[in-house]
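Trainee: I should like to study this protein model with you, one question at a time. May we begin once the structure is in view?

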Amino acid sequence: MDGARPEAVEYDAVVLGAGPTGENVADRLRAAGLSTAVVESELVGGECSYWACMPSKALLRPVIARAEARRVPGLRQAVQGPLDADAVFVHRDENTSHWKDDGQVAWLDSTGARLYRGIGRLDGPRRVVVDGPEGERHILTARHAVAVCTGSRAVLPDLPGLEGAKAWTSREATSAHAVPGRLAVVGGGVVGVEMATAWQALGSRVTLLVRGGGLLPRMEPFVGEQVADALTEAGATIRWDTSVVSVEREGGTGPVTLVLDSGERIEADEVLFATGRAPRTDDLGLESIGLEPGSWLPVDDSCRVEGSEWLYAVGDVNHRALLTHQGKYQARIAGAAIAVRAQGVPLLETDRWGAHSATADRAAVPQVVFTDPEAAAVGLSLAEAEAAGHRVRAVDQDIAAVAGASLYGDGYRGRARMIVDLDREILLGVTFVGPGVGELLHSATVAVVGEVPIERLWHAVPSYPTISEVWLRLLETYRR
């Protein structure tokens with residue numbers, strides 16, 4: 001550009017990040033007729049498409065399908081052999097589009113949004129500087145809003161020897177093309193248990209190192225217990241109340257040694273640290289508008305950053321609910337709010353379930369954990385409901401007691417729980433664990449979001465013989 005300062009290009013809105021959240025913000029803004037620029041430093045489609053949801057579930061699908069087939073008489077003997085890891089990797093690679101984003105770029109282009117490749121940084125109010133490839137620089141200004149949709153990244157703990165040890169994070173765990181003989185997994189949350197499930201089934205000898213005494217601590221305790229039992233039965237080793245204090249791997253190659261707080265040493269061929277997430281805001285220029293680089297961005301229910309009239313933070317960066325589907329939900333809310341504010345509408349629909357209020361982030365977050373057995377939950381757990389001061393009752397049901405479970409597979413094990421608000425007689429939360437329960441979750445989500453009275457749910461008749469009949473058994477137990 002011969003050293004000349006580029007002229008600023010003005011848009012109604014600028015979106016930083018083209019993952020699922022940013023894509024959906026842009027789509028909503030364009031649907032409202034607002035000119036929109038989208039800035040992306042990596043692949044359009046973001047973490048979910050290439051290193052999280054899609055590749056992890058592509059790895060897990062054959063694992064779960066084989067486990068369920070082994071429970072079906074007449075099919076059990078046909079699926080006793082090992083998984084074809086190479087074929088699984090091919091399937092995974094196809095579902096990530098081989099880490100190419102041409103299709104996602106074409107979709108974004110179809111919305112009419114303008115894509116800028118490069119690193120976007122705030123440079124004062126409503127102003128973004130994009131440093132693109134080959135020294136290109138663009139200056140973008142926003143008439144109405146800048147939406148930060150840059151997501152989160154895996155966090156590695158500050159441990160002696162970890163730097164340079166080439167430890168896996170979630171990205172390496174979902175994109176690796178070779179099965180390690182021994183895999184150590186540090187962390188008992190969603191990433192830890194899903195990847196332990198996948199790689200154990202693909203042929204690794206997995207050791208899961210958990211700081212506390214249970215898996216999936218944000219769900220009901222019985223969920224983690226059943227997942228732990230299944231992992232152990234599959235051949236994984238779980239070490240409870242265990243912390244890693246240092247890592248040894250000379251030159252970043254060969255076996256890796258983990259030194260535990262007990263002094264014990266564990267050797268593995270690879271180690272995955274699934275120990276949390278941090279916002280991708282450290283190189284975003286937040287200091288230019290008086291905010292702290294690297295911080296989560298607190299927002300109101302329309303996803304507008306607290307204290308700002310023009311800055312929005314949507315998806316993981318606001319730390320409300322670090323799930324792809326919640327980021328897309330927030331994107332729909334924020335996009336609508338930006339659009340009506342741009343039109344000068346004086347009063348937004350910010351009532352509890354209004355069009356411009358992301359209430360589900362607090363009251364009805366659904367999540368499926370794709371282990372064997374699956375875990376699925378929406379809304380509040382018993383502990384969360386009691387801590388919030390609700391007068392509640394937990395109603396439990398053995399899913400194996402319904403006819404559909406015995407047809408699903410021999411030896412079915414599962415459990416359901418609904419949390420009833422005794423004052424309003426509505427559901428505050430529902431949890432399932434067991435094979436195939438992920439597909440039960442949306443009915444629970446509708447019941448929680450709709451605040452459907454128990455007396456009306458009594459008239460929602462489940463088909464026989466399906467696992468959904470567990471709903472009838474839960475309601476019968478509550479009425480008794």
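The questions below concern a predicted model and take up a pocket, the cysteines, the aromatic rings and the backbone.

Trainee: Which helix gives the most to the lining of the second largest pocket?

Mentor: The pocket has a volume of about 540 Å³, and 21 residues line it. Three helices each supply at least two residues of that lining: H3 (53-69), H7 (190-202) and H8 (221-234). The one that gives the most, with 6 residues, is H8.

Trainee: How many residues in the lining of the second largest pocket are charged?

Mentor: The residues nearest the centre of the pocket are Ala67, Arg71, Ala230, Ala234 and Asp372. Arg and Asp count as charged, whereas Ala counts as nonpolar. Over the lining as a whole there are 9 nonpolar and 4 polar residues, and the number of charged residues is 8.

Trainee: How many disulfides does the count come to?

Mentor: A disulfide is a covalent bond between the sulfur atoms of two cysteines. For a pair to be counted, the two sulfur atoms must lie within 2.5 Å. The sulfur of Cys149 is too far for a bond, because the closest cysteine sulfur, in Cys303, is 8.9 Å away. For the structure, the count of disulfides comes to 0.

Trainee: Is Cys149 buried or exposed?

Mentor: A residue counts as buried when its relative accessible area is under 20%. Cys53, with 26%, is partly exposed. The relative accessible area of Cys149 is 7%, so Cys149 is buried.

Trainee: What is the angle between the planes of Phe89 and Trp199?

Mentor: The whole structure holds 6 aromatic pairs. Phe89 and Trp199 form one that is tilted, with 5.9 Å from centre to centre. The pair links distant parts of the chain, as Phe89 lies in helix H4 (residues 85-95) and Trp199 in helix H7, 110 residues apart. The angle between their planes is 45 degrees.

Trainee: Which residue forms one aromatic cluster with Phe89 and Trp199?

Mentor: Phe89 is buried, with a relative accessible area of 4%. Trp199 is also buried, at 0%. The cluster that holds Phe89 and Trp199 is completed by Trp168.

Trainee: Over the face of which residue does Arg171 lie?

Mentor: An Arg is taken to sit over a ring if its CZ is within 6 Å of the ring centre and within 35 degrees of the ring normal. Arg114 lies over the face of Tyr116, at 4.3 Å from the ring centre. For Arg171 the distance to the ring centre is 3.6 Å, and the residue beneath is Trp51.

Trainee: Which residue does a cis peptide bond join to Tyr464?

Mentor: One cis peptide bond runs from Asp372 to Pro373, with omega near 10 degrees. Pro373 is in the loop between strand S17 (366-369) and strand S18 (374-379). At Tyr464, the cis bond has an omega of about -5 degrees, and the residue joined to Tyr464 is Pro465.

Trainee: Where is Glu425, which has a positive phi although it is not a glycine?

Mentor: Ser97 has a positive phi of about 55 degrees without being a glycine, and is placed in the loop between H4 and helix H5 (102-111). Glu425 likewise has a positive phi of about 55 degrees. At 36% relative accessibility, Glu425 counts as partly exposed. Its place is the loop between strand S20 (415-421) and strand S21 (426-434).

Notes: Residues numbered from 1 in each chain as written. Predicted model: local features only at pLDDT ≥ 70, side-chain atom pairs only at ≥ 80, totals over all residues. Heavy atoms only, no water. 1 Å grid on protein atoms, 1.4 Å probe; cavity = no way out; pocket = protein on both sides within 12 Å on 5 of 7 lines; lining within 4 Å. Points joined across faces, edges and corners; volume = space filled by probe spheres on them. Helix = DSSP H or I, 4+ residues; strand = E, 2+ residues; numbered from the N terminus. Buried < 20%, exposed > 50% of the residue type's maximum accessible area, 1.4 Å probe, protein only. Phe/Tyr/Trp six-rings, centres within 6.5 Å; stacked < 30°, edge-to-face > 60°.
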